Amino acid sequence: MAAADEHHEEASPLLAPPANEKLPPAQDPVKGCADGVPVVMGEPVTAPAGAEPRESWDSGILSCLGRNDEFCSSDLEVCLLGSVAPCVLYGSNVERLAAAPGTFANSCLPYTGLYMLGNSLFGWNCLAPWFSHPTRTAIRRRYNLEGSFEAFTRQCGCCGGLAEDEERREHLEVACDLATHYFCHPCALCQEGRELRRRVPHPGFYGRSVVVMMPPTEQTMGRTM
């Protein structure tokens, strides 16, 4: 009985092993993947900070009337404003992005001055894009949208090292925002207008109740006996 107790005490896992006994090699944790999330020892590992995938824009930059599978009446308005009065469209975009009334004039008037100055001196709108491109950067950052440089690297499979560095990638994205406004200015304004109209209501509607008037129903007179 004493020998059995001694053997049980020696086999206890809570006791330190003898000095001459070799320990088994440590095994690597079981790794796998569940729904795209790395798993170690049966528990999902949280994704590192900043690894949240960015969304795509609701419509392409050349989709003048929005997406083919979803048409909004505001898309036609955005297309007309971008072609005829880009200053009004830009002011409307900034007003929706700022979510406060009164910012329309502060954005539209400087844009109009740069628009007229560029057309009078150089024959085309080459000054206003330098003023308006920060709005595209603000929209992209607020809604975590995919930038032009990231989309280029994803499609072509090159410059992966630059895309992984967040700071350098953001500098390149800002430069791409400027290039998009400079070379495709009306299309860039229209794309931003469509994106904001699908995400943000007009600030003029904040805090206001909408009353819907229904026409009276048709009434018929019945005979009484």
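In the predicted model, E170 has a relative accessibility of 17% and is therefore classed as buried, the limit for that class being under 20%. This residue forms a salt bridge with R141, in which the closest N and O atoms are 2.8 Å apart. Because E170 belongs to helix α8 and R141 to helix α5, the pair ties together parts of the chain that are 29 residues apart in sequence.

The pairing of E170 belongs to a wider arrangement. A network of salt bridges links E170 with R136, R140, R141, D177 and E192. Within this group, R136 forms a salt bridge with E192, and the closest N and O atoms of the pair are 3.3 Å apart. R136 is located in helix α5, which spans residues 128–142, and E192 in helix α9, which spans residues 185–199, so this salt bridge ties together parts that are 56 residues apart in sequence. Both R136 and E192 are buried.

The two helices joined by the R136 and E192 pair were also examined for their packing geometry. The axes of α5 and α9 come within 11 Å and cross at roughly 35 degrees, and the crossing of α5 past α9 is left-handed. On the α5 side, the contact is made by P129, S132, T135, R136 and I139. These residues meet H185, A188, Q191, E192, E195 and L196 of α9. By character, the residues of this contact comprise four nonpolar, four polar and three charged. R136 and E192, the partners of the salt bridge described above, are among the residues in contact.

In total, the structure holds 15 salt bridges. A further one of these is formed by E166 with R54, the closest N and O atoms being 4.0 Å apart. E166 lies in helix α8 (residues 166–183), whereas R54 is placed in the loop between β3 (43–44) and α2 (73–84), so the pair ties together parts separated by 112 residues in sequence. Both partners fall into the partly exposed class: E166 has a relative accessibility of 39%, and R54 has a relative accessible area of 23%. The E166 and R54 pair is thus partly exposed on either side, whereas R136 and E192 are buried.

Note on methods
Residues are numbered from 1 along each chain as its sequence is written. This is a predicted model: local features need pLDDT of at least 70, side-chain atom pairs count only at pLDDT 80 or more; totals for chains, interfaces and linings use all residues. Side-chain values use heavy atoms; hydrogens and water are left out. A salt bridge is a side-chain nitrogen of Lys or Arg within 4 Å of a carboxyl oxygen of Asp or Glu. Helices (H or I, at least four residues) and strands (E, at least two) are DSSP runs, numbered from the N terminus. Buried means under 20% relative accessible area, exposed over 50%, partly exposed in between (1.4 Å probe, protein chains only). Axes are lines fitted to C-alpha atoms, for helices over the stretch in contact, and angles run from 0 to 180 degrees between N-to-C directions. A crossing is left-handed if the near helix is turned anticlockwise from the far one by less than a right angle, and right-handed if clockwise. Contact means heavy atoms within 4.5 Å. Ala, Val, Leu, Ile, Met, Phe, Trp, Tyr, Cys and Pro count as nonpolar, Asp, Glu, Lys and Arg as charged, and the others, Gly among them, as polar.
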